[in-house]
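User: I have some questions about how the labels on this model were reached. Please set each value against its cut-off.

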Amino acid sequence: MKASIASLICCLLGILHCASAAQELYSDSLNPCQANSNFSATLFDVVLTPANDSMSMSLTGVSTITGNITIDLVVTAYGLNIYTTTLDPCELDLTGLCPMSEGQIDLPQANLPIPASALKQVPGIAYTIPDLDAKVRVYFNASDSTTSAACVEATLSNGKTVDQKGVAWVVAVISGLGLVASAITSGLGHSNTAAHVAANALALFGYFQSQAFIGLTAVDLPPIVASWTQNFQWSMGIIRVSFLQDIATWYQRSTGGTPSTILSSLGTTSVEVEKRSVEGVGRLVKRAAYLLHNQILKARSTATTSDTTNTVIVRGIQRVGFRAGMEVTNIFLTGYIFFMIFVVFVVLGVLLFKLFCELLIKSGKMKGDKFQDFRNGWTTVLKGILFRLVLIGFPQMVVFCFWELTRDDSGAEMVLAIFTVFTMIAILAWASSKVIRLARRSIAMHKNPAYILYSDPVSLNKWGFLYVQFKATAYYFIVPVLIYLLTKGLFVALAQSSGTVQAIALVVIEAVFLIVVCVMRPYMDKKTNAFNIAICVINFISAIFLLVFTGIFGQPGIVTGVMGVIFFIYNAVFSLILLIIVLVASVVALVAKNPDTRYQPMRDDRGSFIKSQSHLTTELDALGATARGESKHGWNNKTGARVEDDDDSWSGGSSDPTAHQNTAYQGAAGYPSNGGSGRHMPPSDQSRGSESVVSPYEQSRTEQNRTGSMSSNGRSRQQAASPSPWQRGAGYE
């Protein structure tokens, strides 16, 4: 009669769909689905293989039920009850269940034949759809009562999932390619192309992190949504490497912490997540079949909390770590280590590239003007890259560091989390205030924020990561962006006990940010604005879907299941479009002879201020470069005027505040050192006499006389008495 039960289970399995060479349906979890359940399973495995008309099943559990019982079987798929029946174990002659007695129940693995007629009732789509959302629930009812004495349920899977390592690798490589392409293009002097490629690559990376945030929430997600968002957890540093897990465990133990042992005790532990209340249908996390040598387990949503001592509840961030195959107590340190590794590799990459360029030039295999700006000012470029890495890792560290404060895995990890997150906040806050001060100074002196922000190459390379993606008049927009990221991260990290709170917060945050971006349109041009607005729209829609997944509207289970599939489809399509855009832009930037022709000049005229010294072609170009404080050998001239320097010690300015201010004042405006232009020098400079600072304009006039470009002193006086063509072209007459 066991074959009859197997046939019945077969009928229940069939509901849904993604092709496989070996068709099968299986379950490796049997978890309690009611409080005070009198039956629990420590091992449950069942595999239906239609190819050989058989089902393999084994069960080990503990029961406190005595007497005769009846069994109610309920099969659900995507929230719908598709089959319900009542069985009498005595009529079916099920040994150990008629009658039931307290103690251990051990059914060894057995292969049961399945009638072909039963297999035909299982639709082929059930073997192919990824992340099958179906389960079988079993109620044990006492014969003399209608009360359920125990409830267990098993998830059903066909082994197909959208959580694929290949997907994660592809999106990671293309994101990295965009950043590398922008860096190389910038080094070659194509600043307009570099700005566009970098802006799109960073926006793409931010979108991936937003997808990862969905998976990190404590909302009980449909299986296909949980699997899809798992593809982007690499952007948060959730990457399992065996020896790094060993290091994280060792570090925690050595600093007074106690590592969790969920993965090592899966043979005797059921892993559950919080129940979603939708028509009484809970969801299961698949109790691990995780084995160190062969597979990474997939977590599933589960039923209600059980009083069974060997049940562990995971949700949100813990669920993501469990699916990635790492202990809960290693999640924070894993993300932290990978961020540090990322920083170290980027720094080493910059150093090696600098060395590689110098070796090629010395060997005569590369022209001396290639990457000239980078080679002359590589230290400043490296500082800017480090600041950019802090911005990229900011969402990740906000989530994990603040989450660690609620975990207290060890004292040292707590200190590490506090120091890291507040240091990053301080760095970005300082950098943002620096940009705002520079822009306001530029507005006060030149009526245009772009002048100082883009005319000084040191400022541009050090702080430009905060404003180049925005139009010049929206230089401050990095502040709303940082507030947006910080607020999202705080809700994801600190509201892990309530998925509903997280979902509502994300809807409000995404809606506000979408409105702000649509109204202000702060990005550099129409295409970049469209790119980022589209991402904001998708993030807002995803937040609405997340709110629906909480079950707050009491919708039928089928609605939640269908919306989960829709969530996957529209995000997959949108991700593909973004990846193609970034990939094409990156390849064109690297292979095109002059990629700047693909992009229109910026309306804020930033191009006239950031022209590379290695691409000067006219006397006016040279004059403008000199007025910006650049030497003829490149912009890394420590003695030239710097508009970025002020009395802030962080910016590495002069130790003499007065001289520092005067140098910046003259270098920014290109004013002559006397009244010949009709403008007045600061009083401190007038009192200096022969020691007064020579203005960049006087330096440029000297250079022109040396090369013979000025034919007479009269012409020089005429040039000094009126604004230069470069100044008139920039609008500062």
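**Labels and the values behind them**

Analyst: To begin with one residue of this predicted model, E404 is part of helix α10 (residues 378-407).

User: What makes E404 a residue with no salt bridge?

Analyst: The nearest side chain of opposite charge, R407, is 5.5 Å away. A salt bridge needs a side-chain nitrogen within 4 Å of a carboxyl oxygen, so the pair does not qualify. E404 is nevertheless buried. Apart from neighbours within four places in sequence, E404 contacts F332, D409, S410, E413, M414 and A417.

User: Why is E358 called partly exposed, and why is K354 called buried?

Analyst: The relative accessibility of E358 is 22%. Buried means under 20% and exposed means over 50%, with partly exposed in between, so E358 counts as partly exposed. K354 has a relative accessible area of 16%, so K354 is buried.

User: How do you know that E358 and K354 form a salt bridge?

Analyst: Their side chains meet at 2.8 Å, N to O, and the cut-off is 4 Å. Both residues lie in helix α8 (residues 331-362), four residues apart, about one turn of the helix.

User: Which residue forms a salt bridge with K488?

Analyst: E510 does, with the closest N and O atoms 2.9 Å apart. This pair links distant parts of the chain, K488 being in helix α14 (residues 478-494) and E510 in helix α15 (residues 499-520), 22 residues apart. Both K488 and E510 are buried.

User: What makes E153 and R137 a salt bridge?

Analyst: The N to O distance between their side chains is 2.9 Å, which is set against the limit of 4 Å. E153 sits in strand β9 and R137 in strand β8, 16 residues apart. Both are buried. A search of the whole structure gives five salt bridges.

User: How do you know that strands β8 and β9 pair?

Analyst: Pairing takes at least two bridges; β8 (residues 134-142) and β9 are joined by eight, in the antiparallel sense. Y139 stands opposite C151 in β9. Strand β2 (residues 31-32) also runs antiparallel to β9, with two bridges, and N31 stands opposite E153. In β9 (residues 148-156), eight of the nine residues are buried.

User: Where does pLDDT stay under 50?

Analyst: It does so over residues 273-309, where the model has 152 contacts beyond four places in sequence. Residues 612-617 are also below 50, with 16 contacts beyond near neighbours in sequence. Where pLDDT is low, the predicted coordinates should not be read in detail. The mean pLDDT of the protein chain is 74.

Notes. Residues are numbered from 1 along each chain as its sequence is written. This is a predicted model: local features need pLDDT of at least 70, side-chain atom pairs count only at pLDDT 80 or more; totals for chains, interfaces and linings use all residues. Side-chain values use heavy atoms; hydrogens and water are left out. pLDDT is the predictor's confidence in each residue, from 0 to 100. Contact means heavy atoms within 4.5 Å. Buried means under 20% relative accessible area, exposed over 50%, partly exposed in between (1.4 Å probe, protein chains only). Lys and Arg count as positive and Asp and Glu as negative; His and the chain ends are not counted.
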